[in-house]
Amino acid sequence: MRKLSTLTRTGLVAGSAVVAAVAFAAAPANAAGTWTVSGGGSFTGKSTNSTLTDTSTGTQLKCTSSSAGGSAANGTGLSGTNIGTISSVTWSGCSGPLGITFNVTADGLPWHLNAVSYSGGVTTGTLTGVKAHIGGFGCTASFAGASSTATATLDVKYNNSTHVLSLLGTGNLHAYGVSGTCLGLINSGDPASYKGDYTLTPATLSITSP
Amino acid sequence: MRGGVRPRRSVRFAAVATAALVAGALPGTNSAASGGRGELSLAYACQFASGEQDVTIAFTQRFPQTATAGKPIQPGDLAMAVTIPRAGVTAMLPAATASVSAESDLTAHITQGSSDADADWSGLTAPETSLAGTDDVVLTLTGKAPAVTVTASGDVAFSVGVLTLTLHPRAAAAGTPTTPAPGPTTARAAGTATAAATDTNATTADGTTANGTASDGTTADGTTASGAAAAGDVTGTCTPEPGQDAVLATVHVPGPTGTTLPGHSAAAGPVAGRGGRSTGHASGADGTASGSSGPSAAAGRAGGTIVPLDQPVHSGVSTCGKTPIAPLDPRRLPPVSDTGIVVPMPGQPAFPPGPMCGFAVGFSNVNKLNGAMIINDPHAKPVLAEVNSGQRKVLDYSKQYVEVDSIIDLRLPPSASTFLTFGFMPTTADVEFIPRGVFTVVQTGDDFFGEPILTTIGGYQDIRIHNVRINGTPLDVGPDCHTAKPLDIVLHGRKDSGLPDDDGKPDYFIDAGGPLTDEDLVIPPFTGCASHGENLDALFTAALSGPGNSLNISQGPLCDPINVPESCLPEIPIPQLPQRKKS
């Protein structure tokens, strides 16, 4: 899977929209009809290292905890597409530069987990349908995909032995509609990355292919 | 810790409006103590639903010996031992009562010269106290008293007044049920009251009543075998018997020293020249004595020189005014490192305005006068500070540096200064602040990097003095008695709670507010002060100008109408005046 090239931190791309071409040319053999989900059902994931970064400016927003609720139905011979669903995500204890605290809200739920490739107990895939917005004192911003009306696709991994679903920090997330004191720290159109490791409970979910 | 110090309980503070300036030393009332340990024992008459009950109340409270104008005077914890005659207890409380706890709200009176204010010292409590035995019952209620500040020198007297007393009777523990028979609902206590009728049941030898009902007319549920509180709290209002001195303690607030001006004695100068004004009212000739002449009330300022530190004031304002549009003062901006990136970058358009607003109130302490002046008085239509946030940022994440720069327009209302003293004569004046441009705000720091968030607010303001009265007589200083050059004001705020270098003081942060201080304010010389041909510049310069002054400001939470509209609702809060003691 090709990784999105990230912009270097020394350059500041202000105001220009960068469209990242995300080509998830998954090995076709692993894409459809070969996935098995066991120990599935509903799950909750918790992360304590969620970080949202404006990769143009380097500005970071960190949350002390995030919680996601979702499900993946058991089955065999499943398509990788929509192998799981994220129905809720919340964040708490989020702060940014100057210690400004933020509220972060997930939009456009449910989001969808898609399995793309599998190797040695680890599934690589995507989280699609992602949109969110942040609000804090002096600052408002939305996050979406290649355009402000398109949802974003984030790269993820799931590890069967640790039961951790990781947001890898790559994808086509961008900031839009930035207002207030945030301007300059985050700009409309700036590419952004979201990273976090969510430990699932119950710790039973296993995804394999074939 | 965000924001300023919050008192443990909110206090209802009813200020009594004061009259005009009163010259002359304070009457030499008793004082139980001049500061230190205040101890007072008073007879009180209490009105309960059952009738009148006389009690004795012994007050004990520590006070500071001396205080400084403009800084909080914090009374110590109050202990109030209420002695109720046994017969009265028996009459008032249900038969099954084995113990009683109590609460009280006390109205205290604070006076300084002709200024007078009431304070509500509420929430005093006494723990469960056994009623076993036949002695008079002593309930000791304790609690905290809120701080108060005065803006002038002179003795500050703390007196006790009316109080409410609520008794919570509690039945004995399980296994001793009692059933009070319904009986006459009135029970008069024998004690020192003149009430004649007494319930014979109130005087049984062992002090218990066989068939008394709660004196407020409700039937006590004596069958609460589990030891739950018996129904029927008893509440009364107690008033000190007349003819007693109710002053608990007096705190000295020394006056300025050495303010005799060359060539100007109390009697000489243009004031005396106006003819006929007696100088006999000047008193407290020794500058260090606390008994300086009664400071006047600032015109229209209820409470006079006494400033309650706990009274919440409603602004009634939920929108910002005009957002200032002005350049940042480049002299106030830190140098940019070679890896720092400044935004907007050259050639880029300016950021749109970031409107915000809030209230900032506080004190300015004038070194030479040892007195304080209220800035943006919360009780006198304080003015909103208007902010345009985030005009410029400097990002240098490789050095873990982020800086946000903003501007604030602060047009303060005139302050009434009541402490100017020439030759020990009480002098009042209105002090007008004339902004010279806007304030530039620089904020740096990032919690992620373990850095304290530092806020520096710098700007220039002239002050103009007018409406001067010396000992009540107007002194014409002309329309333009002002600082020859503006004051260079630099306020500092810091947010560091939880960090290794946490200074332990309340935090300041731009959105939540908190304390801002300028420890090092210089008042420049005055110019343009003239009265009928006589140049008074030297008079005011000698009295006021110089270094060592300070500003102690509390900023309230800001309203951000665009990003956080709820921060403006239901109204933009007016902060309490700074309470934190400074070194």
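**Exercise 1.** State how many residues chain A and chain B each bring to their contact, where contact means heavy atoms within 4.5 Å.

*Solution.* Chain A brings 28 residues to the contact, and chain B brings 31 residues. The model is a predicted one, in which local features need pLDDT of at least 70 and side-chain atom pairs count only at pLDDT 80 or more, while totals for chains, interfaces and linings use all residues. Residues are numbered from 1 along each chain as its sequence is written, chains are lettered from A and ligands numbered from 1 in the order in which they are written, and side-chain values use heavy atoms, with hydrogens and water left out.

**Exercise 2.** Find the area that chain A and chain B bury between them, and describe the polar links across the interface.

*Solution.* Begin with the area: the size of an interface is often given as the accessible area lost when the parts come together. Here the two chains bury about 2,200 Å² (1.4 Å probe, summed over both), and 68% of this lies on carbon and sulfur atoms. Next, zero salt bridges are found (side-chain nitrogen of Lys or Arg within 4 Å of a carboxyl oxygen of Asp or Glu).

**Exercise 3.** Name the strands of chain A that each supply at least two residues of the side that touches chain B.

*Solution.* They are strand 4 (60-72), strand 10 (139-144) and strand 13 (174-180), where a strand is a DSSP run (E, at least two residues) numbered from the N terminus. Of these, strand 4 gives the most, with three residues.

Technical notes:
Contact means heavy atoms within 4.5 Å. A polar contact is a pair of N or O atoms within 3.5 Å; within protein, one must be able to donate a hydrogen and the other to accept it, and residues adjacent in sequence count only if both atoms are side-chain atoms. Helices (H or I, at least four residues) and strands (E, at least two) are DSSP runs, numbered from the N terminus.
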